[in-house]
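Dear colleague,

Here is the structure I promised to hand over; please open it beside this message and follow along as you read. My notes on what was found come directly after it.

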Amino acid sequence: MNDTCSTIVLIENYRDEAEFFITTLQILKSKHKVSWAENGVDGLQLVQNLIAEQFIPCLIVLDINMPLMNGKLTALELRKITDLSAVPIAILSTSSSLADRTFFQTIDMLLYTKPTDYQTYLSMAKHLLSLCD
């Protein structure tokens, strides 16, 4: 593969949330490109297009509550793609449900509850970026 660790895929239906995430990575001086999709269907297509172009993302971040295909179904579909077997997938959501946490742990994904204060959000973003290293 050409570029195994320069792209982060963000699957998030709210533009403001996506822009906030991307801006936070810019503030942290991340050199990673963020490719954004607004729902699970578009996210899967985006990932397939990247793979077809010989690009494997270093990280996939997705929300749970999305139109067309929710985060749980998207996560299950992403896990079926063998080219992504080594790619960390993080769930970034407002959910703090034990059922959601357990579901994602069983498919080897971490659920991060969206922080309500910026310093905690920065710390979380730093941790997510460390998954790309």
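Where helix 2 and helix 3 meet, the residues G40, L44 and V47 of helix 2 are in contact with T74, E77 and L78 of helix 3. Please keep in mind throughout that this is a predicted model. The axes of helix 2, which covers residues 40–52, and helix 3 come within 9 Å and cross at roughly 20°. Since angles under 35 degrees count as roughly parallel, helix 2 is therefore described as roughly parallel to helix 3. The crossing of helix 2 and helix 3 is, in addition, right-handed.

Next comes the sheet. It is an open sheet of 5 strands, arranged in the order 2-1-3-4-5, and the pairing is parallel. Strand 2 (33–37) and strand 5 (110–113) stand at the edges, and because each has a single partner strand, one side of each is left without a neighbour in the sheet. On average, and with direction ignored, neighbouring strands of this sheet are turned by 25° against each other. Helix 3, residues 71–79, packs on the sheet, where it touches strand 1, strand 3 (59–62) and strand 4 (89–93), and the direction of helix 3 makes about 160° with that of strand 3.

Strand 1 deserves a slower look, and you might begin by asking which way each of its residues points. From strand 1, T7, V9 and I11 point one way, while I8 and L10 point the other way, and all of them are buried. Because 5 of the 5 residues of strand 1 are buried, this strand is largely enclosed by the rest of the structure. From strand 1 the chain crosses through helix 1 (residues 15–27) to strand 2, and this β-α-β crossover is right-handed.

What, then, are the partners of strand 1 in the sheet? Strand 1, which spans residues 7–11, runs parallel to strand 2 and is joined to it by 5 bridges, and strand 1 also pairs with strand 3 in the parallel sense, over 4 bridges. Individual residues let you trace this pairing on the model: V9 stands opposite S35 in strand 2, and V9 also stands opposite I60 in strand 3. At I11, the bridge partner in strand 2 is A37.

With best wishes for your reading

Methods:
Residues are numbered from 1 along each chain as its sequence is written. This is a predicted model: local features need pLDDT of at least 70, side-chain atom pairs count only at pLDDT 80 or more; totals for chains, interfaces and linings use all residues. Side-chain values use heavy atoms; hydrogens and water are left out. Two strands pair if DSSP finds at least two bridges between them. Helices (H or I, at least four residues) and strands (E, at least two) are DSSP runs, numbered from the N terminus. Axes are lines fitted to C-alpha atoms, for helices over the stretch in contact, and angles run from 0 to 180 degrees between N-to-C directions. Contact means heavy atoms within 4.5 Å. Buried means under 20% relative accessible area, exposed over 50%, partly exposed in between (1.4 Å probe, protein chains only). A crossover is right-handed if, with the strands pointing away from the viewer, the path from the first strand over the helix to the second runs clockwise. Angles under 35 degrees count as roughly parallel, over 145 as roughly antiparallel, 65 to 115 as roughly perpendicular and the rest as oblique. A crossing is left-handed if the near helix is turned anticlockwise from the far one by less than a right angle, and right-handed if clockwise.
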